[in-house]
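Here are a few exercises to work through with the structure open in your viewer. Try each task before reading its solution.

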Number of protein chains: 2
Amino acid sequence: MDDEPEATELVEFNLKQAGYAVTTACDGAEALRKAHAQPPELIVLDVMLPEMDGFEVCKVLRLDPVTSRVPIIMLTAKAAEIDRVLGLELGADDYLTKPFSPRELLLRIKKILTRAVAEEKPREQIRFGDLTIDFPRHVAAWKARAIALTATEFKLLVTLAQRAGRVQSRDSLLRDVWEYESVIDTRTVDTHIRRLREKLGPAAKHLETIRGVGYRFLE
Amino acid sequence: MDDEPEATELVEFNLKQAGYAVTTACDGAEALRKAHAQPPELIVLDVMLPEMDGFEVCKVLRLDPVTSRVPIIMLTAKAAEIDRVLGLELGADDYLTKPFSPRELLLRIKKILTRAVAEEKPREQIRFGDLTIDFPRHVAAWKARAIALTATEFKLLVTLAQRAGRVQSRDSLLRDVWEYESVIDTRTVDTHIRRLREKLGPAAKHLETIRGVGYRFLE
DNA sequence: ACCGGTTTGTCACGCGGTTGTCACGCAATT
DNA sequence: AATTGCGTGACAACCGCGTGACAAACCGGT
């Protein structure tokens, strides 16, 4: 998905050469439509797009449950934008600054895809010591003893645990857990973290506060 | 690295003329040895080589972690080979078909080198000897031992480390770390540098003061 | 539709760590 | 020797976060 036709073709050619199945789109709306209809394993997204820019596309892709977990590699012209791209405001998985070599892009794609399949398995059920989180059953447990959590609390826990080790800002948590109702106070996150900690009891040690930044799930 | 001595000399002469430091090799094995011992910034590689051909050399260079990220320009006689050269199998960054002009070669080299420095930054985890800085985890560590830093201190460290080797004035640090315009005293930077040094302990040797100018992160 | 209990978002308050500032003294530069 | 620049210690204001409380929204059962 790119604005310059020849750049799109170059990427397409190299990816197909490498054995990947490729679908292209020449603007953001088309990209969103195709991605929703048939979610790909990975998305290469240019920031510079006609009409809707790559940032917007990225946000929408993350909001749509169908595509929210698809890895995204962003192509950007300015190095100054990387903080926005990776800083979980957008939540891209990787990025490249233009101009880039096809080889570099292939390396990134390979890396992300192997990581994705490695993470695919334990996604249904995550374990951290005595803490178990069963995603499909919607149950969290401490030493085989179930912990009664509300929907929001569970979603918050899952969101933190899935990105274990990585700091999540309040804004990014609001996006992922509350699916962006932008009118919500960031302090609301605090309250739910507190309730989570109360209910988790001893397992609350996994929930770490990074002052001035956000929260982190400690492994 | 070429098979015909006079062609090698021609390339070598032109590159040195342009101010590059050049090392040559007259066969594949020698090229690999030299490249591994002292990885260059860029490799110009002829396909036609005695014993091991350029394709083989290219593959081995890519497999060796020491040289896997070094850009490669391949010199080839046949236009038909370019797909193989640029594709995933070999992963060269660019190519030239013989005969070519020295000027053309210089242009390609320049383009790739400027691209390489632009791509150097995208790292979410930086290492300098025993000092590790993990951006998404928001953790700095010395010899695998975490260092407790506040939000501002961490941001200051990251800003300095990302531009390692380059001096940063107090004003530019204020802009990058504190983000808003300087309603803040420049001496405030000193205090935070001090606190950083205290907490970094032995790793503080990376933080250098350039009197009258600013601060620099030493590698 | 009604009602009780639960869930959820918001607010005010207070503590404690963080942060910006200043004065002082030393070191380097002139 | 004078001057400029930086490190150091101390301190006060501030801000971010945890906490308790509360009301609105929600949900399931009758």
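**Exercise 1.** Which of the 23 residues around DNA strand C come nearest?

*Solution.* Keep in mind that this is a predicted model. Start by collecting residues with a heavy atom within 4 Å of the strand. Of the 23 residues around DNA strand C, the nearest are A:Thr150, A:Thr152, A:Arg195, B:Thr150 and B:Thr152. Next, turn to the DNA side: 62% of the strand C atoms that come within 4 Å of the protein belong to sugar and phosphate. Finally, sort the residues by class, which gives seven nonpolar, ten polar and six charged.

**Exercise 2.** Find polar contacts from chain A to DNA strand C, and then name the elements that give two or more residues to the surface near this strand.

*Solution.* Begin with the phosphates. A polar backbone atom of A:Asp185 is 2.9 Å from a phosphate oxygen of DNA strand C. The side chain of A:His192 places an N or O atom 3.1 Å from a phosphate oxygen of this strand. Then look at the bases: A:Arg211 has a polar side-chain atom 3.1 Å from a base nitrogen of DNA strand C. As for elements, helix H6 (151-162) and helix H8 (187-200) of chain A, together with helix H8 (187-200) of chain B, each give two or more residues to the surface near DNA strand C.

**Exercise 3.** Repeat the analysis for DNA strand D: which of the 23 residues around it come nearest?

*Solution.* A:Thr209, A:Tyr215, B:Arg197, B:Thr209 and B:Tyr215 come nearest to DNA strand D. Sugar and phosphate supply 42% of the strand D atoms that come within 4 Å of the protein. Now for the contacts. A:Arg197 has a polar side-chain atom 2.9 Å from a phosphate oxygen of DNA strand D, and a backbone N or O atom of B:Gly212 is 2.8 Å from a phosphate oxygen of the strand. On the base side, an N or O atom in the side chain of B:Arg211 lies 3.0 Å from a base oxygen of DNA strand D. The elements giving two or more residues here are H8 and strand S8 (207-210) of chain A, with H8 and strand S9 (207-210) of chain B. H8(B) gives the most, with five residues. By class, this surface has six nonpolar, four polar and 13 charged residues.

**Exercise 4.** Describe chain A as a whole, starting with how many helices and strands it has.

*Solution.* Chain A has eight helices and nine strands. Of its 219 residues, 46% are buried. The chain exposes about 11400 Å², with 53% of that supplied by carbon and sulfur atoms.

Technical notes
Residues are numbered from 1 along each chain as its sequence is written. Chains are lettered from A and ligands numbered from 1 in the order in which they are written. This is a predicted model: local features need pLDDT of at least 70, side-chain atom pairs count only at pLDDT 80 or more; totals for chains, interfaces and linings use all residues. Side-chain values use heavy atoms; hydrogens and water are left out. A polar contact is a pair of N or O atoms within 3.5 Å; within protein, one must be able to donate a hydrogen and the other to accept it, and residues adjacent in sequence count only if both atoms are side-chain atoms. Helices (H or I, at least four residues) and strands (E, at least two) are DSSP runs, numbered from the N terminus. Ala, Val, Leu, Ile, Met, Phe, Trp, Tyr, Cys and Pro count as nonpolar, Asp, Glu, Lys and Arg as charged, and the others, Gly among them, as polar. Buried means under 20% relative accessible area, exposed over 50%, partly exposed in between (1.4 Å probe, protein chains only). Accessible areas come from the Shrake-Rupley method with a 1.4 Å probe; for residues, only the protein chains shown count as cover.
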